[in-house]
Amino acid sequence: MNSITLILIFFILSSLISYFHIPFASSLLSPTLPFSIQGEWLLLQPSIGISAMHMQLTHNDKIIIFDRTDFGPSYLPLSKGNCRIDPNDTALQIDCTAHSVIYDIFTNTFRSLTIQTDTWCSSGSVLPNGTLVQTGGFNDGERRIRMFTPCFDDTCDWIEFPSYLSERRWYATNQILPDHRIIIIGGRRQFNYEFFPKEISSSSSSSSINLHFLQETNDRSENNLYPFVHLLPDGNLFIFANTRSVLFDYKQNMIVKEFPEIPGCDPHNYPSSGSSVLLPLDENQASVEATIMICGGAPRGSFEAASKQNSFMQALTTCGFLKVTDSNPNWIIENMPMARVMGDMLILPNGDIIIINGAGLGTAGWENGRQPVLTPVIFRSSETDLSKRFSVMSPASRPRLYHSSAVVLKDGRVLVGGSNPHITYNFSGEFPTDLSLEAFYPPYLSPEFEPVRPTIRYVTNTILGYRVFYYVTFTVGNFATGSEVSVRLLAPSFTTHSYAMNQRMVVLKLIGVTMVNLETYYATVVGPSTQEIAPPGYYILFLVHAGVPSLGVWVQLM
């Protein structure tokens, strides 16, 4: 039985498991009062035994976290005395410690998972049925895919499929597509892309497709790894690497157009490691606009200066905005409050963008970062006064440098973990390896906003269809106006190396808000208009009132 057949069998089984899943509510652990209007931090776990290099939120409110295998033992034993046996591992051929965990948001607990081969600097996407497909890594893991399907109990674990990928995928980027496939783009010395699942007729030696743009953007420090990839409303892909970007038709293997080069001529991809998001897509617009936001990074030459000369250049302070749906788009540049490299950019439930983690000097790579940036920044695209678009938040107490990550939870918190700028786990020196998890509470979670905070009471159906009417019933103490209400879908990201893959937010078309009684209302909305705007899969539905989001509800778009 070949690997493609096994994949198809696994996909069918995991779909059945996912179909019968009933999501449950997550708890909202509270920081110590008083709550700062700049947000608050709360330590959740001092150690989960591994450093959170990669993270993915699943639709049962658990987070899959994994590191790498090739540096020796972790600080969490595998369950039931199990050991991983890998004769090709470069550190331990027999390893009885975990390099992956699953964290339960509701109980604030975690358990070990078993990965068999090296997942270092890999990529991932979630299929429409909720199964995480993780791709590539290093050494004997570079051509593997691994699957994790959420389950009701503690029996689910990784399943690996060796030699499935056509090329080694180390530092590649994944994007879920409207037709349920995943496109896997690039990687170190890989100027090509491929799809998961493969066509039945495809062989592993012929299913990768050349993308010369990746070779063109490869410089002496690379600076085109983990390319930024965003699915646009027209079905094409926006791909950004180094300083250049293109509109790419993956169906025809054709570059439709090249956009202007980002001003400044400084790179933004690994190892210069800026970050990127597609700003929320609003279905209330006559024609849905798509704007790319790219922030931070490191000046050209930073990697050589840090790694070879022990000299750490100041990170970039700029954010670039490109409205790719314009007929003649051009970059608009704004400045962040501080320089940042290796920052994570995430879409918050109310549509704001948080920039969190990172350093002010240096670049990505082992020992290459200095001057941790402890203060998150929130960007509000709806703010017309440019001087007020960025707000500086309360500082963290723990540096989060290279190999840190962050994800947004359905209760509105931002979960942060990782930071290991060393070749092995190293708990000494200025920036020790960090095994903890902590949560940042954005300002909208402050008790000050309780009077205007909405609570979702009922959604017509948690299985959503395209262009279908739905009713979201909610309560709120001090109702403002219907114009202050929006209903939003957020696709959780696979986050690693300062980039949140597959992340997107869609603002549903609002027909109106109707009052039921004194504090109860219902919003009438329409499901997404196309699969290009919102690919099938699991989303978190938020209702936002006066800029304050509700607790999210998991829905499945089919």
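With which side chain does the side chain of Asp89 make a polar contact of 3.3 Å? The partner is the side chain of Arg84. The legends below describe close-up views of a predicted model.

**View 1. Surroundings of Asp89 in the loop between strands S4 and S5.**
Asp89 is found between strand S4 (84-85) and strand S5 (94-95). The residue counts as buried because its relative accessibility is 4%, and buried stands for values under 20%. Two polar contacts of the Asp89 side chain are shown: one of 3.1 Å to the side chain of Thr69, and one of 3.3 Å to the side chain of Arg84. With residues up to four places away in sequence not counted, Asp89 touches Thr69, Asp70, Arg84 and Asn139.

**View 2. The disulfide of Cys83 and Cys96.**
The sulfur atoms of Cys83 and Cys96 are 1.9 Å apart. The link is right-handed, with 90° about the S-S bond. Cys83 lies in the loop between S3 and S4, and Cys96 in the loop between S5 and strand S6 (100-104), so the pair ties together parts that are 13 residues apart in sequence. Cys83 is partly exposed at a relative accessible area of 36%, and Cys96 is partly exposed at 34% relative accessibility.

**View 3. The disulfide of Cys151 and Cys156.**
The S to S distance between Cys151 and Cys156 is 2.1 Å. This disulfide is left-handed, because the torsion about its S-S bond is about -70°. Both Cys151 and Cys156 are buried.

**View 4. The disulfide of Cys295 and Cys319.**
Here the sulfur atoms are 2.0 Å apart. The torsion about the S-S bond of Cys295 and Cys319 is about 115°, so the disulfide is right-handed. The pair links distant parts of the chain, with Cys295 in strand S22 (residues 291-295) and Cys319 in strand S23 (residues 318-323), 24 residues apart. Cys295 is buried at 4% relative accessibility, and Cys319 is buried with a relative accessible area of 0%. The structure holds 3 disulfides; with the bonded cysteines numbered in sequence order, the pairing is 1-2, 3-4, 5-6.

**View 5. Cys265 and the closest cysteine sulfur.**
Why does Cys265 form no bond with Cys319? The sulfur of Cys265 is 18 Å from that of Cys319, the closest cysteine sulfur, which is too far for a bond. Cys265 counts as partly exposed, at 45% relative accessibility.

**View 6. Strand S26 and its two antiparallel partners.**
S26 covers residues 353-356; Ile353 and Ile355 point one way from the strand, Ile354 and Ile356 point the other way, and all are buried. Strand S25 (residues 344-347) runs antiparallel to S26 and is joined to it by 4 bridges. S26 also pairs in the antiparallel sense with strand S29 (residues 377-379), over 3 bridges. Ile355 is the bridge partner of Met345 and also has Val377 of S29 as a bridge partner. S25 and S26 form a hairpin with 5 residues between them, and Gly351 in the turn has a positive phi of about 95°.

**View 7. Leu348 in the loop between S25 and S26.**
At 0% relative accessibility, Leu348 counts as buried. Leaving aside neighbours within four places in sequence, Leu348 is in contact with Ile354, Ile378, Val408, Val414, Pro442, Tyr444 and Met505.

**View 8. Helix H3 and strand S27.**
H3 spans residues 302-309, and Ser302, Glu304, Ala305 and Ala306 in this helix are buried. The buried residues of H3 pack against strand S27 (359-362). Asn310, just after H3, takes a positive phi of about 55°.

**View 9. Two cis peptide bonds that lead into prolines.**
Phe196 and Pro197 are joined by a cis peptide bond with omega of about -5°. Pro197 is found in the loop between strand S14 (192-196) and strand S15 (209-210). The peptide bond from Tyr270 to Pro271 is also cis, with omega near 10°. Pro271 is found in the loop between strand S19 (254-258) and strand S20 (275-278).

**View 10. Positive phi at Asp61 and Tyr171.**
Asp61, a residue other than glycine, has phi near 60°. Asp61 is found in the loop between strand S2 (54-57) and strand S3 (62-66), and counts as buried at 0% relative accessibility. Tyr171 is not a glycine either, and its phi is about 70°. Tyr171 has its place in the loop between strand S11 (159-161) and strand S12 (173-176), and counts as buried at 3% relative accessibility.

Note on methods:
Residues numbered from 1 in each chain as written. Predicted model: local features only at pLDDT ≥ 70, side-chain atom pairs only at ≥ 80, totals over all residues. Heavy atoms only, no water. Buried < 20%, exposed > 50% of the residue type's maximum accessible area, 1.4 Å probe, protein only. Contact = heavy atoms within 4.5 Å. Pairing = 2+ DSSP bridges. Polar contact = N/O pair within 3.5 Å; in protein donor to acceptor, adjacent residues only side chain to side chain. Disulfide = S-S within 2.5 Å.
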